[in-house]
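Work through the exercises below with the sequence and the 3D structure open beside you. Try each task before you read its solution.

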Amino acid sequence: MPKETIVILTCEHATNDIPKEYISFFQSDKKIKGRWLGEIPIRDLLKDHWGWDPGSLVMSEFLQKKLKCKLFTFNISRLLLDANRSDWNTTMFTEISSQFSEQLKQKTLNQYYYPYFNSVK
């Protein structure tokens, strides 16, 4: 008898949404220097690939229907917190969110990362 294959699909960069309590950090005209982009104002990063993976959610939803599997989506921009990283990874927080106090970083992890990570687990 063939073994059953279980597919779990995740989409960590589904949107460029930022929770209201953090939006002020992303409305600045201050420019960030990126390896691939040159310099770009922080406010424009949300529209860019840095803020999310455009089309990833549509593709994930398509695959979910075709594969009849569970889909987990992280619906917050990776500019706040990159859920595609382990919590010990120094790149989990971006040039913007790495400036947060340790208390705010921990709050962000507790509020968004751990609930998502634990739901997938």
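The exercises go from the whole chain to its cores and then to its cysteines.

This is a predicted model, in which local features need pLDDT of at least 70 and side-chain atom pairs count only at pLDDT 80 or more, while totals for chains, interfaces and linings use all residues. Residues are numbered from 1 along each chain as its sequence is written, and side-chain values use heavy atoms, with hydrogens and water left out.

**Exercise 1. Describe the chain as a whole.**

Solution. Begin with the helices (DSSP runs of H or I, at least four residues) and the strands (DSSP runs of E, at least two), both numbered from the N terminus. The chain has 3 helices and 4 strands, and along the sequence they follow the pattern β-β-β-α-α-β-α. Next, consider the extent: along the principal axes, the C-alpha atoms fill a box of roughly 60 × 30 × 25 Å. Finally, take contacts, meaning heavy atoms within 4.5 Å; among those between residues at least 6 apart in sequence, 65% join residues at least 24 apart.

**Exercise 2. Find the nonpolar cores and the residues that build them.**

Solution. A residue is buried when its relative accessible area is under 20%, with a 1.4 Å probe and protein chains only, and 38% of the 121 residues of the chain count as buried. A nonpolar core is a set of buried Ala, Val, Leu, Ile, Met, Phe, Trp, Tyr and Cys residues joined through side-chain atoms within 4.5 Å. The largest such core has 25 residues, and those with the most contacts inside it are Y22, F26, L45, F74, L80 and L81. Two elements, α1 (42–45) and α3 (102–120), give two or more residues to this core, and α3 gives the most, with 5 residues. Now look at F74: leaving aside residues up to four places away in sequence, F74 touches C11, E12, A14, T15, L81, A83, Y112, Y113 and Y116. A second, separate core of 5 residues includes C11, A14, C69 and L71.

**Exercise 3. Why do C11 and C69 not form a disulfide bond with each other?**

Solution. First recall that a disulfide is a pair of cysteine sulfur atoms within 2.5 Å, and that the structure holds 0 disulfides. Then check the distance: the cysteine sulfur closest to that of C11 is in C69, and because these sulfurs are 12 Å apart, they are too far from each other for a bond. As a last step, compare the burial of the two residues: C11 counts as buried at 4% relative accessibility, and C69 is also buried, with a relative accessible area of 11%.

How values were computed:
Buried < 20%, exposed > 50% of the residue type's maximum accessible area, 1.4 Å probe, protein only.
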